[in-house]
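This report describes a structural model, with attention to side-chain arrangement, metal coordination and backbone geometry. Please consult the sequence and structure shown below while reading.

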Amino acid sequence: MRISLLALAASLALSSAAFAADPAATAAALREKALTDPTAWTVVEDLTTTVGPRPVGSPAMTRAKDWAVKTFTDLGFTDIKVEEFSKPSWTRGAESASIVGPYPFKLSIIGLGETVPTPAKGIEAEIVVFKTYAALLAAPVGSLTGKIAVVTQPMVRAQDGAGYGVAGVMRRNGASEAAKRGAVALLIRSISTSDSRLAHTGIMRYAADVPKIPAAALGVPDAELLERLAARGPVRVKLSLASTTSAKTVAWNISGEIKGSAKPEEVIVIGGHLDSWDVGTGAVDDASGIAITTAAAKLIGDLPTHPRRTLRVVMWGSEESGGSSEAYLAAHKDEVPNIVLAGESDFGAGRVYSVMLPQGAAAAPQLKGLADVMTPISVLISRDPARSGGADTEGLQQAGVPVLSLRQDGTRYFDLHHSEDDTLDKVVPAELNQNVAAWAAVLYMIADSDIDFRALKDAK
Ligand SMILES: [Zn+2]
């Protein structure tokens, strides 16, 4: 312990000496300090332990809001703001499903976020299995009358999480597509790369003018069992889902700042989302993102002189069921021209391998040296521009704010995502700290520069 404290002191001294000389040297010192800094782990451990799961509209979300204010205060952030907004919320009740025949078997399921409940006595019906979502879409209208549609399309494991978009559409839109064809309920194979029986939830939406049918996800082995049974003959399943909704729930976006030393009105907006699904403790989704961005900004705030521009960390309050991006834009409309850049950490704690900057920025003279700062932690500066800054920055992006994206290794992310397995033990401290190092170095270089990302884009 004494050795690491000495090392911290040495790196602080280095950053102090390097500051005047060269932003890249300061960024490199921040990187080194971040690799052993305990802040991110402390934040993710404390949030997941003291608050637990954080669904919008729950008492836990109120505790999370208070936790956020205290955390920003304790870590030395200033201009702490709690911005309230209202939105509908959905709360899970008791859920169960079982095979009725050819033999009884209890299935592992979880209701999709915002599903309607079944009648209290449940829904029992014969299933029709589709091995792909495309096969469901190809089924004629009326062909599923009275049946439970089951879609068993697997998710592809990929470092960048590309499999999520492909498989996710069956979760988001599947219920209405099945209902159009006459189905009384929808079961999908979890959007998961795990072989665990735990099922994975996530938001769904109903199309207008289509009957709303209940929808749930099956554990991967359970989906495969139904697939094999249905190939042999008729299968009957009983599904019971309960839930309650509220048309208007209070939610909050909470922010704190590291004030800029020369141009404090120019703001870089970063953060993660404070809300989570109700299963697990939301350690990877997204207490890790909260911890990474908070710790990176805090390290920069500890420097003897702050960078020229302001860093603002936002803990967005309703990502999973939507609403925080729109609320943030609405509250900051007038400030948009002064928001230099926005980005969110929302892909767990797997290590960063690439930084995607706004169009033209990778070659900007102000960021000369950034690539060398990132090399020791095995991060590339991508030549491709960032396409998205994360779900909670979409509103800002649509309003013209440039975005950045630190790409993380998501190979394991969808083993855990939106399931009971999203817990603290899955966060690897060294990987978490590598994220902090990457964010701190990139943010410092950008915050201490005068780079105008909008002008770079227009120059193309
Ligand atoms: Zn998330």
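## Aromatic pairs and a charge over a ring

In this predicted model, the count of aromatic pairs comes to six. One of them joins Tyr-413 and Phe-414: the ring centres lie 5.0 Å apart and the planes meet at 80°, so the pair is edge-to-face, given that plane angles over 60 degrees fall in that class. Tyr-413 is buried, as is Phe-414. Both residues belong to a cluster that ring pairs build together with Tyr-164 and Phe-347.

A ring also takes part in a contact with a charge. The charged end of Lys-65 sits over the ring of Trp-252, at 4.8 Å from the ring centre.

## The zinc site

Which residues coordinate the zinc ion? The donors are NE2 of His-273, an OD atom of Asp-285 and two entries for OD of Asp-346, at 1.9 to 2.8 Å. The four donor atoms subtend angles of 51 to 149° around the zinc ion, and the arrangement is therefore irregular. A tetrahedral assignment would need all angles to lie between 85 and 135 degrees.

Along the chain, the donors follow the spacing H-x11-D-x60-D. His-273 belongs to strand S9 (residues 263–273), whereas Asp-346 lies in the loop between strand S11 (339–344) and strand S12 (352–356); the pair therefore ties together parts that are 73 residues apart in sequence. Both His-273 and Asp-346 are buried.

## Nonpolar cores

The largest nonpolar core holds 104 residues, and those touching the most other members are Trp-67, Leu-186, Ile-268, Leu-274, Met-374 and Ile-446. Helix H13 (residues 429–447) supplies the largest share of this core, with 13 residues. A second, separate core consists of 21 residues, including Ile-99, Ile-109, Ile-148 and Leu-239.

For Leu-186, the contacts beyond four places in sequence include Ala-149, Val-151, Met-170, Gly-174, Ala-175 and Ala-178. The remaining partners of Leu-186 are Ile-213, Pro-214, Ala-215 and Ala-216.

## Selected residue environments

Is Leu-241 buried or exposed? With a relative accessibility of 4%, Leu-241 counts as buried, because the category covers values under 20%. Leu-241 is part of strand S8 (residues 236–258). Its C-alpha atom is separated by 6.7 Å from that of Ser-96, although the two residues are 145 residues apart along the chain. When residues up to four places away in sequence are not counted, the partners that Leu-241 touches include Ala-94, Glu-95, Ile-109, Gly-111 and Thr-115. Also among them are Val-116, Pro-117, Thr-118, Pro-214, Ala-215 and Ala-216.

Thr-193 occupies the loop between strand S6 (185–189) and strand S7 (215–218). At 13% relative accessibility, Thr-193 also counts as buried. Outside its neighbours within four places in sequence, Thr-193 is in contact with Met-155, Val-156, Arg-157, Thr-411, Phe-414 and Asp-415. One of these partners, Phe-414, is a member of the aromatic cluster. Asp-22 is instead partly exposed, at 34% relative accessible area, and is located in the loop between helix H1 (2–21) and helix H2 (23–36). The C-alpha atoms of Asp-22 and Gly-165 are 143 residues apart along the chain and separated by 41 Å.

## Backbone geometry

Where do cis peptide bonds occur? One joins Gly-101 and Pro-102, with omega of about 20°. Pro-102 is situated in the loop between strand S1 (78–101) and strand S2 (105–107). Another cis bond runs from Asp-285 to Asp-286, with omega near 5°. Asp-286 lies in helix H8 (residues 283–301), and Asp-285 is one of the residues coordinating the zinc ion.

Positive phi values appear in residues other than glycine. Asp-79 has phi of about 50° and is found in strand S1; at 34% relative accessibility, Asp-79 counts as partly exposed. Glu-114 has phi near 80° and lies in the loop between strand S3 (109–111) and strand S4 (123–130). Glu-114, at 26% relative accessibility, is likewise partly exposed.

Technical notes. Residues numbered from 1 in each chain as written. Predicted model: local features only at pLDDT ≥ 70, side-chain atom pairs only at ≥ 80, totals over all residues. Heavy atoms only, no water. Donors = N, O, S within 2.8 Å, 3.2 Å for Na, K, Ca; no water. Tetrahedral: all angles 85-135°; square planar, octahedral: opposite > 155°, others 65-115°. Helix = DSSP H or I, 4+ residues; strand = E, 2+ residues; numbered from the N terminus. Buried < 20%, exposed > 50% of the residue type's maximum accessible area, 1.4 Å probe, protein only. Phe/Tyr/Trp six-rings, centres within 6.5 Å; stacked < 30°, edge-to-face > 60°. Lys NZ or Arg CZ within 6 Å of the ring centre and 35° of its normal. Contact = heavy atoms within 4.5 Å. Core = buried A, V, L, I, M, F, W, Y, C linked by side-chain atoms within 4.5 Å.
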